[in-house]
Amino acid sequence: MQHSLQRTLASALLILGVHLAVPAQAAPDEQFFPLATYRVGAYASSGIPVWAGMIDYLRYINEVEGGINGVKLVWQECETEWTAEKGIECYERFKNGLNGAPVAVYQPNGAPAAYALADKAEADRIPLITLGYGRTEATDGRVFPYNFPVMLTFYSEASAFINYVAEREGGLDKLKGKKIATVYHDSAYGRETQGPLKLLAEKYGFENIQIPVADPGNEQASQWRQVRQLKPDWVFLRTWGVSTPVAIKTAARFGFPVERIVGDIWASSNEDVLPAGEAGKGYLALTPYPGGATFDIHQRIKEHILDKGKSDLKDPKSFGSVYYNSGLVNAAIAVEAIRTGQARFGKRPLNGEEGRWGLEHLDLDDARLKEIGFLGLMQPLKLSCSDHEGGGAAKVQQWDGKQWNLLTDWVQADRQILRPLIDAKAAEYAQEKKITARDCTAQQ
């Protein structure tokens, strides 16, 4: 009977969006970390290792470092199922903090919620962190003061991909006349790279082919038949969830070489290639958080969290997976932003406005990355009032059937080429919303 009641309680809490492993209490002298998660639904297999990485790092900060400058962290989950509607519900539940513990930053953890929350977060003065998703034009902090697409926007991702292809082909001048196809998830996320790829195609002279895949992407024969007919030199795979292994297997069935397919960062995880089986061997992918458990932070977390039975991981084999590492990186950026803000506002919990200041003054150079254990796992990152992305680089990794192997160091995007495109898009948004852009020269 007791086990039955526990199962009933667990089911009820899951429906309500609360995960059993979260701390139950919070106090005004603690910093609240809302966790908008998706442990159920079509994308759960991707999300579960992300939350393990995030929670393991937050727990590490509490138990090993005593919090951020002595300020303990408290967190609670809310189930979004990766939908805009539930993402908004979770944000509304969390935006005012938890039992007096304030919110300094908010991570919507999904493109639908990120787009839906842009105006709400601005009105509530709570900064959104969207690493590798969300509005690219929010790079322009003059128009989007509370929106931070940190480290790698979709525009930078597209440029890094083209620069990698150019490196493989022998130089940017060798791109002229090449055929480059993008097979993409037909959503706001998937369509986000169309603008920069059009710009880069005009600049370098390659043929830009766009092939959409309808959600969820369980059937892609027509798309890969088109690829076979057009015979592109490279395919940029911008899928998500189940559509990625389906793409890899279907490409093999139609005879397209897997070593000429480069996945984007949401098609770059263990969960994307394992279901593809033998067809996945040789597949390439971009990533701002490479797979592997050899980085210093992994040794620290293994010693203090995993080996002591305190990890949120359900499958030990996911330790060091791409998505687990993305959780580590996301959590570290939030922690370091708060630490940066505390240098100005004091060693205490921060609110959203103070969290924004911390983000806009975040400067993670190699020395700091080494100090916190992230050197090699995270690229150097410097943000400002006018630049909410920073970074703009990715590594390229290749799947050998068992693990990812890094092929490159950081491949840098041509952010100066892309910036006018970003500024124009931001200006359109400002005009539509009647926003007066901030003067960043006055910001300190």
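Helices and strands here are DSSP runs, helices of at least four residues and strands of at least two, numbered from the N terminus. I kept that beside me throughout, and I also kept in mind that this is a predicted model.

**Entry: Asn109**
I began with the backbone. Asn109 has a phi near 55°, a positive value in a residue other than glycine. Most residues other than glycine have a negative phi, so I made a note of it. I then looked up where Asn109 sits: in the loop that runs between helix H3 (84–94) and helix H4 (111–124).

**Entry: a cis bond**
Next I went through the peptide bonds. Asp215 and Pro216 are joined by a cis one, with omega at about 5°. Most peptide bonds are trans, so this one went into the book too. Pro216 belongs to the loop between strand S6 (207–213) and helix H8 (221–230).

**Entry: cavities**
How many cavities of 30 Å³ or more are there? I got three. The largest cavity comes out at about 190 Å³. It is lined by 16 residues, and Tyr38, Asn109, Gly110, Tyr133 and Trp266 are the closest to its centre. So Asn109 turned up again, as the residue with the positive phi and as part of this lining. Helix H2 (44–65) and helix H12 (322–345) each put at least two residues into the lining. By class I have 12 nonpolar residues, four polar and no charged for the largest cavity.

**Entry: the largest pocket**
I moved on to the open sites. The largest pocket has a volume of about 430 Å³. Its lining takes in 20 residues, with Asn270, Lys317, Ser321, Lys402 and Gln403 closest to the centre. Which elements give two or more residues to this lining? They are helix H10 (270–273) and strand S13 (404–406). S13 gives the most, with three residues. The class split for the pocket is seven nonpolar, nine polar and four charged. For anyone thinking about a probe, I set the two linings side by side: no charged residues in the largest cavity, four in the largest pocket.

**Entry: H5 against H7**
I picked out one helix pair. The axes of H5 (residues 154–169) and H7 (residues 194–204) come within 9 Å and cross at roughly 35°. The crossing is right-handed. From H5 the contact uses Tyr155, Ala158, Ser159 and Ile162, and from H7 it uses Pro196, Leu197, Leu200 and Tyr204. I count seven nonpolar residues, one polar and no charged in that contact.

**Entry: the record**
Last, I checked UniProt. An unreviewed entry there places the feature "domain: Leucine-binding protein" at residues 36–401. In the model, the end C-alpha atoms of that span lie 32 Å apart. I have the span down as 42% helix and 14% strand.

Conventions:
Residues numbered from 1 in each chain as written. Predicted model: local features only at pLDDT ≥ 70, side-chain atom pairs only at ≥ 80, totals over all residues. Heavy atoms only, no water. Axes fitted to C-alpha atoms, helices over the stretch in contact; angles between N-to-C directions. Left-handed = near helix turned anticlockwise from the far one by under 90°. Contact = heavy atoms within 4.5 Å. Nonpolar A, V, L, I, M, F, W, Y, C, P; charged D, E, K, R; others polar. UniProt positions renumbered as here; feature names shortened; annotations may be inferred. 1 Å grid on protein atoms, 1.4 Å probe; cavity = no way out; pocket = protein on both sides within 12 Å on 5 of 7 lines; lining within 4 Å. Points joined across faces, edges and corners; volume = space filled by probe spheres on them.
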